[in-house]
Amino acid sequence: MEDDFNENVPHIVLVGGGIMSATLGVLLKHLDPRLTIDIFERLDNLAAESSDAWNNAGTGHSAFCELNYTPAGNDGCIDAAKAIEIAEKFEVSRQFWAWLADTGVLPDPSAFIRRVPHVSFVWGEDGVAYLKERFRVLSAHPLFADMKYSEAPDVLRQWMPLVMEGRDPSQCVAATYVEHGTDVDFGVLARALFAHLDSLEGVSVHTHHEVRNIFRDGQAPWVVRVHDRVYDVSREVAANFVFIGAGGGALPLLEHCGIPEASGYGGFPVSGLWLKCVNPKVISAHHAKVYGRAAIGAPPMSVPHLDSRVIRGEKALLFGPFAGFSTKFLKEGSYLDLPLSIGLDNLLPMISAGLHNLTLTQYLVKQVFESEEERLHELHDYYPNARLEDWELSVAGQRVQVIRKDDKEGGILCFGTEVVTAHDGTLATLLGASPGASTSVSILLEILHRCFAFEMSVDHWSERLLEMIPGYGQHLNENPALLKQTRARTARALRLH
Ligand SMILES: Cc1cc2nc3c(=O)[nH]c(=O)nc-3n(C[C@H](O)[C@H](O)[C@H](O)COP(=O)(O)OP(=O)(O)OC[C@H]3O[C@@H](n4cnc5c(N)ncnc54)[C@H](O)[C@@H]3O)c2cc1C
């Protein structure tokens, strides 16, 4: 084991080189510049898994267009609570990124964030009634006050010409429109944050380094065994705090740690496919993220969308996602990931979750065997004139849906992000995916509150936090003046006008 462990200078290990580790590293280093941090990434590139641009949809999830955040009850009433929570969390991320832009850490915000309108689109009487009610409920809240609603074909044509072109004029359709939605390249953002971290004293970023084990020993809270994949040698690093930001690779590592809080978790991998447009004329004719309703039985992350992107400075267009199946937990992972993750403590929850989600299983099986023509047929719902030759298939990132032990049901499938921390606050990890990267700052602040409770309560940490996120701790939805001021300030700093 390396002998540089010093109890007086807390040493942090961040496992994984995605947006989560990058964000936590920057937060921690700015809260306490004395901290020393080692970051280990198994691949040769940083942010090459879920955080990379083509591996996710790049939607700045602010609940403007995602209909799964506003479920309707049996009586048709819309529950806006989740949408408000996500919109407020996205404002926290925007404030943090704006601070990074203002302080020169991210000198060119347009490299990772752009303004792209967010549109929800529905058809059929049922869909229109749902969207109209959703608009009525949401637009009464300050966070969504700029939302527009229309059923008029002329207006919809202006918002999304491709979606209306060639559509049956007798079909009843409706849409909402928020002009100040965003598209985010989380890969570019993460790599810029790592470059900044690497320039700071006391931080080392190691690519090609795979963490193979995390265990306790007498001296340090944790010992991390790392394998150098270039020189084929292993070493051990002692740490006061370990963050497992390994995306799909988090579950197997959590199982190694043996903390009681990890017991009963299982993971079910779902891979994704996009239809990626290759015709520049079509790409330039669309400028919006158009989200629809998920098919019956479909998981929330399978909500179809026709989505304008800006990747490496160029406009792009994708449609999807279509679900696929692989037993890998990471795109660059092993087919043994799923079988090796099953043990005595999670076998029953996994079987039980499977039995309780038969419609989901049927949906996934149907998606896996879908033909090119069937995918084109789904695209026609959003772009009636689409031609197969303008689109090619592209493999998206791998998601590992969390299965959690449940006293009543045996095991339940969770679609959000699960934060797991050791009781003594020396280890934390994230399981699951959605809404993920967009709300990364709030998720990691939750980890800081749980694991650095004392430090977060002292003046200099809370003062620094307010420098980074001036509206931190305030509910912007309840303070319209502060919301307006915050949005204007962050839009200026991130050049979103
Ligand atoms: C299809 C799809 C669409 C999505 N769309 C959106 C969206 O529109 N908006 C949004 O906000 N979020 C979206 N997400 C979610 C978002 O991509 C994730 O929440 C986010 O990228 C997770 O970041 P991460 O750092 O936890 O994981 P990752 O980016 O996957 O990073 C984990 C890293 O850990 C490394 N690693 C794994 N195991 C080890 C190990 N043992 N040792 C060392 N390194 C290891 C991996 O190689 C990887 O680089 C989407 C995800 C998917 C899959």
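This passage looks at the ligand site and then at helix α12 in a predicted model.

Start with the ligand. A shell of 38 residues surrounds it, and the closest of these are Glu-41, Ser-51, Thr-59, Val-211 and Ser-438. By residue class, the shell splits into 16 nonpolar, 17 polar and five charged residues. Three secondary-structure elements, α1 (19-31), β9 (209-215) and β17 (391-406), each put at least two residues into this shell.

Several polar atoms of the protein sit at short range. Ser-51 brings a polar side-chain atom to 2.5 Å from a ligand oxygen. The backbone joins in too: a polar backbone atom of Gly-58 is 3.3 Å from an oxygen atom of the ligand, while a backbone N or O atom of Thr-59 lies 2.9 Å from a ligand nitrogen. As for cover, the ligand on its own would expose 1,000 Å², and the protein buries 95% of that area.

Now for helix α12, which spans residues 372-380. Its buried residues are Arg-375, Leu-376 and Leu-379. Looking down the axis of α12, these buried residues fall within an arc of 100°, so they line one face of the helix. Glu-373 and His-377, on the other side of α12, are exposed. What do the buried residues of α12 pack against? Their partners are the strands β13 (266-277), β15 (305-311), β16 (314-324) and β17, plus helix α11 (358-368). Strand β17 thus turns up in both parts of the picture: it supplies at least two residues of the ligand shell, and the buried residues of α12 pack against it.

Definitions and conventions: Residues are numbered from 1 along each chain as its sequence is written. This is a predicted model: local features need pLDDT of at least 70, side-chain atom pairs count only at pLDDT 80 or more; totals for chains, interfaces and linings use all residues. Side-chain values use heavy atoms; hydrogens and water are left out. A residue is near a molecule or strand if one of its heavy atoms lies within 4 Å of it. A polar contact is a pair of N or O atoms within 3.5 Å; within protein, one must be able to donate a hydrogen and the other to accept it, and residues adjacent in sequence count only if both atoms are side-chain atoms. Accessible areas come from the Shrake-Rupley method with a 1.4 Å probe; for residues, only the protein chains shown count as cover. Helices (H or I, at least four residues) and strands (E, at least two) are DSSP runs, numbered from the N terminus. Ala, Val, Leu, Ile, Met, Phe, Trp, Tyr, Cys and Pro count as nonpolar, Asp, Glu, Lys and Arg as charged, and the others, Gly among them, as polar. Buried means under 20% relative accessible area, exposed over 50%, partly exposed in between (1.4 Å probe, protein chains only). The arc is that of the directions from the helix axis to the C-beta atoms. Contact means heavy atoms within 4.5 Å.
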